[in-house]
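Work through the following exercises on charged side chains with the sequence and the structure in view. Try each task before reading the solution beneath it.

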Amino acid sequence: MECNKEEAVRAKEIAEKRMQDGDFSGAQKIARKAQQLFPGLDNVSQLLTVCEVHCVAQDKMLGSDKNWYTILQIEQSADEMTIKKQYRKLALMLHPDKNEFPGAEAALLN
């Protein structure tokens with residue numbers, strides 16, 4: 001299990017490097033691999049959230065509409081209370097004071 005953790009930490013570091021280079025799609029794939037290798041790895045969910053928001057925003061720039069439900073990671077049938085709760089959770093997770101990953105602040109503004 002420890003070898004999985006070491007491999008996951010290495011993958012997370014590679015994902016962070018990709019984020020710094022602006023490759024959020026590549027970083028997302030590697031971060032998911034890190035999460036699969038060692039689900040309890042620190043801050044991987046925050047890293048993935050930043051990547052997911054940037055990937056959805058990038059899809060918008062390529063011509064497709066922004067899907068807010070995908071950004072918030074909720075079902076389209078979600079009620080107003082669920083939407084508000086998930087928005088607050090996402091905003092806290094992406095806030096620069098709580099998330100030091102490259103692109104977190106930009107993801108919050110998307």
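**Exercise 1.** In this predicted model, decide whether Glu7 is buried, partly exposed or exposed, and then find out which side chain Glu7 meets in a salt bridge.

*Solution.* Begin with the accessibility: Glu7 has a relative accessibility of 33%, and since partly exposed covers the range between the limits of 20% and 50%, Glu7 counts as partly exposed. Next, look for the partner, which is Arg10, whose side chain meets that of Glu7 at 3.2 Å, N to O. Then place the pair in the chain: Glu7 and Arg10 both lie in helix α1 (residues 2-20) and, because they are 3 residues apart there, about one helical turn separates them. Finally, Arg10 is partly exposed as well, with a relative accessible area of 43%.

**Exercise 2.** Determine how Lys17 and Asp21 are classed by accessibility, and check their contact against the salt-bridge cut-off.

*Solution.* Lys17, with a relative accessible area of 45%, is partly exposed, whereas Asp21 has 54% and is exposed, because exposed means over 50%. Their side chains meet at 3.3 Å, N to O, and the cut-off is within 4 Å, so the pair qualifies as a salt bridge.

**Exercise 3.** Identify the salt-bridge partner of Arg18, and state how many salt bridges the count gives.

*Solution.* The partner is Asp23, with the closest N and O atoms 3.7 Å apart. Arg18 is partly exposed at 34%, and Asp23 is partly exposed at 33%. The count comes to 5 salt bridges, among them the one between Arg18 and Asp23.

Notes. Residues numbered from 1 in each chain as written. Predicted model: local features only at pLDDT ≥ 70, side-chain atom pairs only at ≥ 80, totals over all residues. Heavy atoms only, no water. Helix = DSSP H or I, 4+ residues; strand = E, 2+ residues; numbered from the N terminus. Buried < 20%, exposed > 50% of the residue type's maximum accessible area, 1.4 Å probe, protein only.
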